[in-house]
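Work through the exercises below with the sequence and the model open beside you. Try each task before you read its solution.

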Amino acid sequence: MSLKHLTTGSTCPPAVAGLLRCYNMRFCPFAQRACIILAAKNVKHEIVNINLKKKPEWFFEKSPLGKVPSIELDGQIMSESLVICDYLDEVYPDPPLHPADPWRKGQDRMFLEIFGKVTEAVYKVYFSRGDQDILNKGLTDIQAGLDPFEAELMKRNTKFFVGDKPGMLDYMIWPWMEMFLAAQRLGGERVSENRFPRLFSWMEDMKKDPAIKATYISPDSHYKYLLSNINGSPDYDMQV
């Protein structure tokens, strides 16, 4: 396992036959998706962390677009977080993370698309770089984007979106829920628990899940990384 993020001029660690490898960046929410599913499925794997500012030359052989996550198994490569997570759910079926009912599975995928409004707003806040107008607009957009999810949890009347245990939709939106708690520390209007009681309860329950515990990054650590990123020198290897 590569704990430090490998950079330009580094050598790719030798692969182990039959062992799945995940190329990762610790603060990337897309990569965190793959790490969560690997933990939820209890898949034996190794992590190789990549410095996304100074990517190793060899990494483009592992991910043609130079993005994380990417997984490798016996020389075969797969990229894109949703593709990877669906693959892992199919190849390692226990526990199943999608609803068995095709209609409910489609509904969950629809809500994952709707969540794109939240991801865009989180990044708007992350890269506001002191512009209070952009920051406030981003925080307003986060809350507007979360409204359908608060209503859907109430409608389903379940602990998690998929039922009594977290499922694919829960896991796929989680990384940005971690991030916005840090992002709102930059100032502006805070996301109100009074407006989102079900979602805040959901978040507390998610933090008790073993797969989330295994991949969790605290708001303090997210915030420290965010500040380093704003300053132009993202500290990928900071202590968390």
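The exercises go from the whole chain to one helix and then to single residues.

This is a predicted model, in which local features need pLDDT of at least 70 and side-chain atom pairs count only at pLDDT 80 or more, while totals for chains, interfaces and linings use all residues. Residues are numbered from 1 along each chain as its sequence is written, and side-chain values use heavy atoms, with hydrogens and water left out.

**Exercise 1. The whole chain**

Find how many helices and strands the protein chain has, and decide what its radius of gyration says when set against that of a compact globule.

Solution. Begin with the helices (DSSP runs of H or I, at least four residues) and the strands (runs of E, at least two), both numbered from the N terminus; the protein chain has ten helices and five strands. Next, take the radius of gyration over C-alpha atoms, and use the globule rule, 2.2 Å times the number of residues to the power 0.38. For 240 residues the rule gives a value near 18 Å, and the protein chain has 18 Å, so the two agree. Finally, the C-alpha atoms fill a box of roughly 50 × 45 × 25 Å along the principal axes.

**Exercise 2. One side of a helix**

Determine which residues of helix α3 are buried and which elements they pack against.

Solution. First fix the terms: buried means under 20% relative accessible area, exposed means over 50%, and partly exposed lies in between (1.4 Å probe, protein chains only). In α3, which spans residues 81–91, the buried residues are Ser81, Ile84, Cys85, Leu88 and Asp89. They cover an arc of only 135 degrees around the axis, and therefore lie on the same side of α3; this arc is that of the directions from the helix axis to the C-beta atoms. With contact meaning heavy atoms within 4.5 Å, the buried residues of α3 pack against β2 (20–24), α1 (29–40), β4 (70–73), β5 (76–79) and α7 (168–183).

**Exercise 3. Backbone angles in loops**

Locate Pro69 and Pro95, and then establish whether Asn42 is buried or exposed.

Solution. Pro69 is in the loop between α2 (59–62) and β4, and the peptide bond that leads to Pro69 from Val68 is cis, with omega near 5 degrees. Pro95 lies in the loop between α3 and α4 (102–114), where the bond from Asp94 to Pro95 is cis, with omega near -5 degrees. Asn42, in the loop between α1 and β3 (45–50), has a positive phi near 55 degrees, and Asn42 counts as exposed because its relative accessibility is 69%.
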